[in-house]
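Q: I should like to learn how to read a model of this kind, feature by feature. Where should one begin?

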Amino acid sequence: MWGEGIVRPVLGPAPQIGIAPAASFDSAVWGGGKVLWAMSADTPGVAVIRGRQLDGGAEVRFDGGATPAEEKVLDSTGRQALDGA
């Protein structure tokens, strides 16, 4: 896992995130990559994941669909992912 937060991406020892075409995410515009997020079950409540492009100004979105969510909300039980706002 990468980072120091209570929710971290699981990317492996040498992460390389490629960009898949928009059709892979049921969208005409938004392409992307698959990222697995891990969170401790001891964390109370929910965690909200938001992102930004570190080397540019492009938006970052989560999940699929015509217009993907601007954030991803995870519950602390690890049993259920909640829809982003």
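The dialogue below takes up confidence, fold, burial, contacts and a pocket in turn.

A: One begins with the source: this is a predicted model, in which local features need pLDDT of at least 70, side-chain atom pairs count only at pLDDT 80 or more, and totals for chains, interfaces and linings use all residues. Residues are numbered from 1 along each chain as its sequence is written, and side-chain values use heavy atoms, with hydrogens and water left out.

Q: What is the mean pLDDT of the protein, and where is confidence lowest?

A: pLDDT is the predictor's confidence in each residue, from 0 to 100. The protein has a mean of 78, and 81% of its residues reach 70 or more. Confidence is lowest in strand β5 (residues 81–82), with a mean of 52, and highest in β3, at 86. Where pLDDT is low, the predicted coordinates should not be read in detail.

Q: How many helices and strands are there in the protein?

A: Both are DSSP runs numbered from the N terminus: helices are H or I, at least four residues, and strands are E, at least two. The protein has zero helices and five strands.

Q: Is Lys72 buried or exposed?

A: Buried means under 20% relative accessible area, exposed over 50%, and partly exposed in between (1.4 Å probe, protein chains only). Lys72, in strand β4, counts as buried because its relative accessibility is 13%. Glu71, in the loop between β3 (46–49) and β4 (72–75), is buried as well, at 12%. Of the 85 residues of the protein, 20% count as buried.

Q: Which side chains do Glu71 and Lys72 join in polar contacts?

A: A polar contact is a pair of N or O atoms within 3.5 Å; within protein, one must be able to donate a hydrogen and the other to accept it, and residues adjacent in sequence count only if both atoms are side-chain atoms. The side chain of Glu71 is joined to that of Arg50 at 2.8 Å, and the side chain of Lys72 to that of Asp63 at 3.0 Å.

Q: Which residues is Lys72 in contact with, leaving aside its neighbours within four places in sequence?

A: Contact means heavy atoms within 4.5 Å. On that basis Lys72 touches Trp37, Ala47, Val48, Ile49, Phe62 and Asp63.

Q: Which residues lie nearest the centre of the largest pocket?

A: On a 1 Å grid over the protein atoms alone, a pocket is an open set of points where a 1.4 Å probe fits, with protein on both sides within 12 Å along at least five of seven lines; lining residues have an atom within 4 Å of a point. Here 28 residues line the largest pocket, and Gly33, Val35, Val60, Arg61 and Phe62 lie nearest its centre. Strands β2 (36–39) and β4 are the elements that give two or more residues to this lining.
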